[in-house]
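Subject: Handover of a structure

Dear colleague,

I am handing over to you the structure shown below. An account of what was found in it follows.

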Amino acid sequence: MSATETLPGAAAAAPRTIPPVDRESRRLGFRLTLPTQLLVLFIAGFPLLMQLYISLTDWSPLDGVGWWKAWESWNSFANYTDLLEDRRWWGALWRTFIIMLVCVPAEFLLALGLATLFMDDFPGKRIFYSILLMPMMVVPAVAGYMFFMLFQSGGPFNGILSALTGMDIRIAWLSDPTLALVAVMIADIWQWTPLMFLILLAGLVGVPEDQLKAATLLGANWRQRFFTIMLPRIKTIMVIALAIRVIEIFKIFDTLYIMTGGGPGVATETISVYIYKVTTQDLIWGYVAAIALVILIALSVLAVFAMKRMEAAKNGGRA
Amino acid sequence: MRRSPAFEIFRYAAIALALALTLLPILWMVSMAFKPIPEWSATGADLTWIPRAPTLDNFRFVFGESTSDLIVALERTAWRPILASLLSAVFGTIIAMVCGTAAAYGLSRFGSGKNLPLALIQLRLFPPMAVMIPVMIMWAFLGLIDTWWGLALIYGIVTLPFAFWLMKTFFDEMPREIEEAALVEGCSRFRVFMKITLPVMRAPLASSALLVFILNWSDYLIALLLTTKNWVTIPVYMASLSSSMTGQLYGAKAALGLLAAIPPVILGIAIQKHLVRGLTFGALKQ
């Protein structure tokens, strides 16, 4: 979408989107945004400074001194250098990436395929649509428990495999390092393909019907219509859908933790699970603060990028 | 567009497969919730898809009744976790909606708080686990650990970005004429906001609030870190349920899981129309 295309509309809307801002409005605007500003400051400003401070020490809640006295165990940047050599951390990061590299493309392709089937009307569409969206509304912890049951060695998943193959299959999915990771990925794909489907379908429905008809009249087959008309039209939307899922994968915790607890061993330990364990079991909070800060900085860069894409989408992606 | 019969057959077959895969985990849990203890872990050829002797014992058990000689009645029943989930999610929603709606209006109409969109996107982006150390320290200092109001406060902050962005897109779209008419009549801007804008925006407000509620209700990690005993929420309570005598309490957990899963699924279907907008921060609309 070029900027020129949006200009006429923008020009027409301009007088109304910039209301005369008098003193009364400015004061009201300030007051209305104040509570949110304070909450943001409360959760971001002070805590970040606290986190930075603690991350430079060996402080632990077991030390018996308040966090403000953490300087007593000052260790300069030792936490950050330790992080470079922490194999468990790199393992967790690597696993998080693997999950992302498998799940996000799988969810995307499944969702895109499904969405193309839902583009026009057919009997039963509404009810199928509602059912297909259900997984993303299930409480993630409950979804984790569902898959915990499904993947028991005597559970229904093996039961279906047995019925299909005619053999008595008793795979202990959640106690095998590789299969546990597979199981966790299946659960993620089950729960989040619907979100992709929802977003991509919203994009596809926005593709103008007359363009598709014109292309059909000109003799384009469905493959040409799909790749030359539909996909380019929903490019921004695809980027948004993918970005949302990539971000969410970095947070993955609930489902996974209920299913495997990060185990067996550290086989399904992602960054969130790793941080959780160091926080609650090892209790070295100085170190956790350092890890957390590194993640926050990395994601902040991503946030600025995502923000720009969203602005771009708003200015043209929906035309 | 007209489709060929072959395509229709393919479409229904593909959708049928997708439906089956979607429903399998859900139906297994529903079925488990109604199974009596002997059927809980039947395996192999005995795998029970539909309970042979359906019972409500699992539900009665999680609410404290002794239903079998095999398991001891629960000391701590599901009532309190349900209350904790409800209170923290409802009040978290109120905090997020009140602050988010006001700020969204301030930005949309008067251009105040231009830093908020990016600040809130960042808030949304961070894994909760990466900001929990300071939060745990602060909450301990403020005496908010293991209280429903402490949970409500953090839920309100965590879902504030959704409330803000969703309401901002609704305010941006709302025609100004109604407000302008009232201004000409001599109403103050604040009165216009309270008496005209908010009532007009009833439906968007309601669906935003429901989305925020679903998100709050779905939390597990934050409650796991910030509650210990008195105010654990349903997911935390469910995960902790086990018995020294029978190990996993499959049926009881499934019953509880079902109770926890029903509200968001129903509410989610009710606000389907606004889901895309809510979950993509207003970048997309249906």
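I begin with chain B. According to the UniProt annotation, from an unreviewed entry, "transmembrane region" applies to residues 12-34, 82-107, 119-142, 148-171, 192-214, 220-238 and 250-271 of chain B. Please bear in mind throughout that this is a predicted model.

Two of these spans may be described further. Residues 119-142 of chain B are 71% helix and 0% strand, with 24 Å between the end C-alpha atoms. For residues 192-214 of chain B, the helix content is 96% and the strand content 0%, and the end C-alpha atoms are 30 Å apart.

The unreviewed UniProt entry also annotates chain A, where "transmembrane region" is given for residues 32-54, 92-115, 127-148, 179-205, 226-247 and 284-305. Within chain A, residues 127-148 are 91% helix and 0% strand, and their end C-alpha atoms lie 28 Å apart. Residues 179-205 of chain A are 100% helix and 0% strand, with the end C-alpha atoms separated by 38 Å.

I turn next to the interface of the two chains. How many residues of each chain are in contact with the other? Chain B contributes 105 residues and chain A contributes 101. Together, chain B and chain A bury about 9100 Å², and carbon and sulfur atoms account for 77% of that area.

Salt bridges and polar contacts are also found here. There are 2 salt bridges across the interface of chain B and chain A. One salt bridge joins the side chains of B:Arg124 and A:Glu248, at 2.8 Å from N to O. Between chain B and chain A, 16 residue pairs are in polar contact, counting pairs with both residues at pLDDT 80 or more. On the side of chain B that touches chain A, helix 1 (residues 5-33) of chain B provides the largest share, 17 residues. By class, that side of chain B consists of 77 nonpolar, 18 polar and 10 charged residues.

Chain A has an internal interface as well. Its domain assignment gives domain 1 (40-76) and domain 2 (86-317). The contact between them involves 10 residues from domain 1 of chain A and 9 residues from domain 2 of chain A. The C-alpha centres of domain 1 and domain 2 of chain A are 35 Å apart.

About 760 Å² is buried between domain 1 and domain 2 of chain A, 77% of it from carbon and sulfur atoms. Which residues supply more than any other three of the area that domain 1 of chain A buries against domain 2 of chain A? They are A:Gln51, A:Ser55 and A:Pro61, which supply 49% of that area. Across the interface of domain 1 and domain 2 of chain A, 0 salt bridges are found, while 3 residue pairs are in polar contact, both residues at pLDDT 80 or more. The side of domain 1 of chain A that touches domain 2 of chain A has 6 nonpolar and 4 polar residues, and no charged residues.

Finally, two backbone angles deserve a note. Most residues other than glycine have a negative phi. A:Leu283, which is not a glycine, has a positive phi of about 60 degrees. A:Leu283 lies in the loop between helix 13 (271-282) and helix 14 (285-317) of chain A. B:Asp146, likewise a residue other than glycine, has a positive phi near 60 degrees. In chain B, the loop between helix 5 (132-141) and helix 6 (148-173) holds B:Asp146.

With kind regards

Note on methods: Residues numbered from 1 in each chain as written. Chains lettered and ligands numbered in written order. Predicted model: local features only at pLDDT ≥ 70, side-chain atom pairs only at ≥ 80, totals over all residues. Heavy atoms only, no water. Domains from an automatic or database assignment. Contact = heavy atoms within 4.5 Å. Buried area = accessible area lost by both parts, 1.4 Å probe. Salt bridge = Lys/Arg side-chain N within 4 Å of Asp/Glu carboxyl O. Polar contact = N/O pair within 3.5 Å; in protein donor to acceptor, adjacent residues only side chain to side chain. Nonpolar A, V, L, I, M, F, W, Y, C, P; charged D, E, K, R; others polar. UniProt positions renumbered as here; feature names shortened; annotations may be inferred. Helix = DSSP H or I, 4+ residues; strand = E, 2+ residues; numbered from the N terminus.
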